[in-house]
Amino acid sequence: MTQGKNPRNFKKKGTKKKQQHAFAKKNWYTVLAPSVFETREACLTPVTKASAGRKESNKLKGRVFEISLADLKKNMPEMSWRKIQLQVEAVEGSKCYTSFYGMTMTRDRLCHIVKKWQSTIEAFVDVKTQDGYFMRVFALAFTQRRKTQLKATCYASACQQGKIRKKMRDIIIDEAKSVPLKQLTGKFVERVIEKRIGKECNKIFPLQNIYLKRVKMLKKPRFDFSRLMDMYSDKAGAARVVDTKVKQQEAAAFKVEDTKEQEGQE
């Protein structure tokens, strides 16, 4: 140590930097859901502010959100066990436009429907929609006791299970190949496929608790902004009806100038 220096008087060079909150460097974007769902503004998502040539939109594109169907459809609170996956396709301003990406079930619902003394029948099939989306759909069903049955169990034979699986695959392919993704999403929400499976497969063996266990997106066509905007338009097949006030609010939210409606009101 240098002579004449007091070690207790040594001071650290520089000053402590003030710690900034992590969310101070982030911007918030509104996530919009397609017109099949009643709730247009599904949620909010943060993203780090643009810096060093990195755009915020590039960080948001491809982001997947998992939202309960009860939050997207206010008139279906009993469907809280259904989880809908939405993926960001385009970003405009502070809004993220999403499309349907998949569908799953909650763990507690799946455990609730599995019981003893019955057969579990599962099937899956790859389908292609009319507008070029490839998806893998998993179906699940359980056998049911007949009303006049005395035996406690209701097991289906291997032959019957094979016929039911084949019927499931045929119904799913038939429902998916003739409609675009927007209408197919409406069928998933309204459980059209499950009802048809139960109606046609009951001729082979009575079924209960029929669900689409999972829907997985395998491949998407090349991005087209006009096709994405068709998912947000309230045309035939949107599976919902809205009044004039809601239309005006949505038009303002999406920055759409509906001159025809304003002239009609005047």
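A contact here means heavy atoms within 4.5 Å of each other. By that rule, residues 24 or more positions apart account for 62% of the contacts in the chain with a separation of 6 or more. The structure is a predicted model, in which local features need pLDDT of at least 70 and side-chain atom pairs count only at pLDDT 80 or more, while totals for chains, interfaces and linings use all residues. Residues are numbered from 1 along each chain as its sequence is written, and side-chain values use heavy atoms, leaving out hydrogens and water.

The chain holds nine helices and eight strands; these are DSSP runs numbered from the N terminus (helices are H or I with at least four residues, strands are E with at least two). Of its 266 residues, 40% are buried, a word reserved for a relative accessible area under 20%, with exposed meaning over 50% and partly exposed in between (1.4 Å probe, protein chains only).

Helix 4 is a good place to begin a tour. This helix runs over residues 158-177 and reaches 29 Å from its first C-alpha to its last, close to the 28 Å expected at 1.5 Å a residue (the expected span is 1.5 Å times one less than the number of residues). Its buried residues are Gln161, Ile164, Met168, Ile171, Ile172, Glu175 and Ala176. Viewed down the helix axis, they fall within an arc of 115 degrees, so they line one face of the helix; the arc is taken from the directions from the axis to the C-beta atoms. Their cover includes strand 6 (120-128), strand 7 (134-143), helix 5 (181-190), helix 6 (192-201) and strand 8 (207-219).

The largest nonpolar core has 62 residues, and Met135 and Phe188 have the most contacts inside it. Such a core is a set of buried Ala, Val, Leu, Ile, Met, Phe, Trp, Tyr and Cys residues joined through side-chain atoms within 4.5 Å. Leaving aside residues up to four places away in sequence, Met135 touches a list of partners including Phe100, Val125, Leu181, Leu184, Phe188 and Val215.

A few single residues also deserve a look. Lysine 182, in helix 5, is buried, with a relative accessible area of 13%. Its side chain reaches the backbone oxygen of aspartate 230 at 3.0 Å. Tryptophan 117 sits in the loop between helix 3 (107-113) and strand 6, and is partly exposed at 46% relative accessibility. Although not a glycine, tryptophan 117 has a positive phi of about 65 degrees. Arginine 191, in the loop between helix 5 and helix 6, is not a glycine either, yet has a positive phi of about 60 degrees.

How values were computed. A polar contact is a pair of N or O atoms within 3.5 Å; within protein, one must be able to donate a hydrogen and the other to accept it, and residues adjacent in sequence count only if both atoms are side-chain atoms.
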